[in-house]
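User: Please walk me through this structure, starting with how the chain is divided.

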Amino acid sequence: MNVCFHTFGCKANQYDTERMRQELESRGAVAVAEPRAAEVCVVNTCTVTNEADAEAKRFIRRLHRGNPGVRIVVVGCSAALRAAEYQATPGVHAVVEGHDPLTVAEAAAAGRPLLQLSARRPGPGLLARRSGGTRAWLRLQDGCDRKCSFCATRLARGANRSRPADEVVAEARLLARFHPEIVLTGIHIGGYGREVGCALALTRLVERLVAEVSGVRFRLSSIEATEVDDGLVRLMENQPQRLAPHFHMPLQSGSDRVLQHMRRWYTHEQYRRRVLDIAERLPVLGLGADVIVGFPGETDDDHARTRALIEELPYTYLHVFPFSPKQGTYAATLRDRVPRHVAALRGRELRALALEKGRRYRARRVGTPAHAVLESGGSKALTEDYLRAHVRSANGEGAPAARRVAHAVLHGDADHLYIDLSLPGRANFNGELSVP
Ligand code: SF4
């Protein structure tokens with residue numbers, strides 16, 4: 001059986017697709033890139049906004065029109081919340097309410113349409129490799145116990161469930177055989193172990209990974225500022241080549257009033273203090289955040305507070321989203337909507353500010369050393385602080401793919417960083433290349 005996959009949404013979803021692919025391959029299926037070569041297409045959906053749901057439906061309709069013979073298996077977050085709508089969509093063979101690879105594999109192999117299968121809790125199992133990627137994702141936990149008023153992900157994914165530390169370490173060992181970097185991901189990784197009352201579980205886990213899994217760099221995916229403890233920062237300070245000094249810490253708003261309506265649990269001052277403390281200790285730091293503009297009731301003054309906070313903090317990039325009411329969430333019931341053009345204007349303003357801050361940071365990095373993981377067949381590199389640089393080598397082509405990590409000096413300027421691998425260097429573990 002030939003199977004193709006299409007994934008919407010975040011790294012956690014991409015990880016889940018890889019587990020499904022691996023399960024199907026272990027049962028003799030062959031993963032193919034093109035739907036026209038496939039008998040089954042697994043569509044892993046996202047429900048972060050109403051638009052994400054609509055996009056998945058448009059994709060499924062197009063897929064069926066272009067490939068009427070393909071059995072479509074719809075899985076993931078949007079499928080968990082809108083199973084009935086997907087069941088009624090032409091071409092859909094099965095709807096799996098969740099991400100469990102075993103259920104998806106059974107649905108894909110079933111000769112007759114199964115339509116709705118509940119499978120919210122992925123079973124045990126280890127991912128050995130991410131197909132076609134230099135970096136691997138490793139999901140530490142699923143679900144979230146917070147109740148942010150705009151978020152539907154927690155509705156789809158359920159309560160916080162952490163994977164056992166031994167299982168995570170074993171999976172990291174497998175992935176490290178093929179990937180120079182592993183991104184530790186999840187729906188709310190700061191919640192790791194908290195459902196069993198262990199507040200330091202994430203730090204202990206990362207310490208174990210760094211100590212027990214060699215030859216690979218780890219990177220944290222999105223983590224809440226209030227859930228970063230000193231142990232994590234210390235690891236980045238002491239071993240930046242093993243734990244990338246990069247935090248993506250959702251801010252959402254710089255106004256306490258708006259944060260309260262969003263049902264976030266911190267004030268702008270708590271966030272600010274945490275970030276400044278971290279930045280003081282990590283001079284090389286990739287720092288990103290999510291910001292929502294135009295949340296219901298957001299005034300010019302609220303927006304000015306967000307802007308002022310962003311100006312002050314050392315962000316290197318931002319993801320700015322206009323508020324989009326999501327069916328089923330409390331925020332969707334709020335009145336006092338901000339007109340679309342006002343939200344768009346605020347978004348443009350913050351994006352421009354973030355771009356300028358990013359440029360300034362990159363300009364400061366020129367002439368300084370970086371640990372770069374080589375991507376795209378060796379033509380691009382990703383630094384520990386999440387900068388993308390081009391790779392120059394003696395013959396003008398990318399570096400050989402075997403040279404997966406380089407210690408090199410960043411050249412160029414704020415708009416075009418590059419590392420030069422044509423300089424004499426010395427290879428070591430994993431084909432790692434040191435360039436003085
Ligand atoms: S912390 Fe808030 S935004 Fe993040 S997954 Fe949990 S409920 Fe959603």
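Analyst: The chain is split by an automatic or database domain assignment. Its parts are domain 1 (2-119), domain 2 (135-364) and domain 3 (366-434). This is a predicted model, in which local features need pLDDT of at least 70, side-chain atom pairs count only at pLDDT 80 or more, and totals for chains, interfaces and linings use all residues. Residues are numbered from 1 along each chain as its sequence is written.

User: Which helix gives the most to the side of domain 1 that touches domain 2?

Analyst: Two residues are in contact if their C-beta atoms, placed from the backbone, lie within 7 Å. The contact takes 12 residues from domain 1 and 17 residues from domain 2. Helices are DSSP runs (H or I, at least four residues), numbered from the N terminus. On the domain 1 side, H1 gives the most, with 4 residues: the answer is H1.

User: Where does the largest nonpolar core lie?

Analyst: A nonpolar core is a set of buried Ala, Val, Leu, Ile, Met, Phe, Trp, Tyr and Cys residues joined through C-beta atoms within 7 Å, where buried means that 20 or more other C-beta atoms lie within 10 Å of a residue's own, with C-beta atoms placed from the backbone. The largest core has 99 residues, and Val42 is among those with the most contacts inside it. Domain 1 and domain 2 both give residues to this core, so it lies between them.

User: Which residues does Val42 touch, leaving out residues up to four places away in sequence?

Analyst: Val42 is one of the residues with the most contacts inside the largest core. Not counting residues up to four places away in sequence, its partners are Val3, Phe5, Met20, Val73, Val75, Val104 and Ala108.

Terms used
Buried ≥ 20, exposed ≤ 12 C-beta atoms within 10 Å, placed from the backbone. Helix = DSSP H or I, 4+ residues; strand = E, 2+ residues; numbered from the N terminus.
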